[in-house]
Amino acid sequence: MPSLPLHTAGRIRAVVDAGEVSAGRVDGEIGDVLAGRVPGRRTPEDVTVAKLIGFGPQDLAAAETALALLERGQRRDK
């Protein structure tokens with residue numbers, strides 16, 4: 001579950017309330033994924049949604065992690 005209660009999670013709360021995503025599908029926040037507290041995508045069908053609001057250090061960490069994972073995946077494919 002998210003580290004913030006769903007009633008305070010802003011836009012994700014609206015998506016859950018609209019029935020587009022069930023609360024059980026929300027595993028955590030992007031910072032939790034980057035810190036390894038919750039798993040990220042487990043299959044190609046999984047979707048990660050993040051709203052990056054301009055908090056520089058978090059945005060940089062997300063970009064660095066995504067790049068490292070992409071590069072690691074490309075090396076495996078060769």
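Is Arg37 buried or exposed? Arg37 is exposed, at a relative accessible area of 59%. Keep in mind that you're looking at a predicted model. Its chain comes out at an average pLDDT of 76, and the things to look at here are a salt bridge and a pocket.

**Salt bridge**
- There's one salt bridge in the structure, and it pairs the side chains of Arg37 and Asp32, with 3.0 Å from N to O.
- The two partners sit in opposite settings: Arg37 is exposed at 59% relative accessible area, whereas Asp32 is buried at 7%.
- Asp32 counts as buried because its 7% falls under the 20% cut-off, while Arg37 counts as exposed because its 59% is over 50%.

**Second largest pocket**
- The second largest pocket takes up about 300 Å³.
- Twelve residues line this pocket, and Ile30, Val33, Leu34, Thr48 and Leu69 are the ones closest to its centre.
- Helix 2 (30-34) and helix 3 (56-77) each put at least two residues into the lining.
- Helix 3 is the top contributor, giving four residues.
- Sorted by class, the lining has eight nonpolar residues, three polar ones and one charged one.

**Confidence**
- Across the chain, 78% of the residues reach a pLDDT of at least 70.
- Confidence is highest in helix 3, with a mean of 83, and that helix also gives the most to the lining of the second largest pocket.
- At the other end, helix 1 (residues 11-17) has the lowest confidence, with a mean of 76.
- Where pLDDT is low, don't read the predicted coordinates in detail.

Methods
Residues are numbered from 1 along each chain as its sequence is written. This is a predicted model: local features need pLDDT of at least 70, side-chain atom pairs count only at pLDDT 80 or more; totals for chains, interfaces and linings use all residues. Side-chain values use heavy atoms; hydrogens and water are left out. A salt bridge is a side-chain nitrogen of Lys or Arg within 4 Å of a carboxyl oxygen of Asp or Glu. Buried means under 20% relative accessible area, exposed over 50%, partly exposed in between (1.4 Å probe, protein chains only). On a 1 Å grid over the protein atoms alone, a cavity is a set of points where a 1.4 Å probe fits but cannot get out, and a pocket is an open set with protein on both sides within 12 Å along at least five of seven lines; lining residues have an atom within 4 Å of a point. Grid points are joined across faces, edges and corners, and a volume is the space filled by probe spheres set on the points. Ala, Val, Leu, Ile, Met, Phe, Trp, Tyr, Cys and Pro count as nonpolar, Asp, Glu, Lys and Arg as charged, and the others, Gly among them, as polar. pLDDT is the predictor's confidence in each residue, from 0 to 100.
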